[in-house]
Amino acid sequence: KREKPSGGFGATPLFPPTLEDTYFALKTIQLLDLKIELAKHIEFLFKQKISELPFEPAARLFELMEMFKLPYQLDA
């Protein structure tokens, strides 16, 4: 119920997706070794603008990109 159509996760079924909630959801899924379709979650990650993020969410974005072995670059 916390997974959103955009590929992110929200804290509750009514909240919009956030990078922080998505980070913790995807890390939990990885730790539990659950098999899910990652395409829309990866798309959500690529839509994040790193230059607009505070340090901790930016670090979590980089960690997720590394976890899924995705290329990342700083936006201009």
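I began with Thr22 in this predicted model, and, leaving aside its neighbours within four places in sequence, I found Thr22 in contact with Gly7, Gly8, Phe9 and Phe44. Thr22 lies in helix α1, and I noted it as buried because its relative accessible area is 0%, where buried means under 20%.

Next I looked up Arg60, which is found in helix α3. Is Arg60 buried or exposed? With a relative accessible area of 17%, Arg60 is buried, since the cut-off for that word is under 20%. Apart from neighbours within four places in sequence, I listed Glu20, Tyr23 and Phe24 as the residues in contact with Arg60.

I then turned to the largest nonpolar core, which has 16 residues, and wrote down those that touch the most other members: Phe9, Leu26, Leu45, Leu61, Leu64, Met65 and Leu70. The elements that give two or more residues to this core are α1, α2 and α3, the last of these spanning 55-67. I followed Leu45 further and, again leaving aside neighbours within four places in sequence, found Leu45 in contact with Leu19, Leu61, Leu64, Met65, Phe68 and Leu70. Phe9, noted above among the contacts of Thr22, is also one of the core residues that touch the most other members.

Last, I went to the surface, where Leu32, Leu34 and Ile36 make a nonpolar patch of about 270 Å². Where does Leu34 have its place? I located Leu34 in the loop between α1 (19-31) and α2 (39-46). Leu34 counts as partly exposed because its relative accessibility is 47%, and that term covers values between the 20% and 50% cut-offs.

Terms used: Residues numbered from 1 in each chain as written. Predicted model: local features only at pLDDT ≥ 70, side-chain atom pairs only at ≥ 80, totals over all residues. Heavy atoms only, no water. Patch = residues over 30% accessible without salt bridge, like charges linked within 9 Å, V, L, I, M, F, W, Y side chains within 5 Å. Areas by Shrake-Rupley, 256 points an atom, 1.4 Å probe, with all protein chains shown as cover. Salt bridge = Lys/Arg side-chain N within 4 Å of Asp/Glu carboxyl O. Helix = DSSP H or I, 4+ residues; strand = E, 2+ residues; numbered from the N terminus. Buried < 20%, exposed > 50% of the residue type's maximum accessible area, 1.4 Å probe, protein only. Core = buried A, V, L, I, M, F, W, Y, C linked by side-chain atoms within 4.5 Å. Contact = heavy atoms within 4.5 Å.
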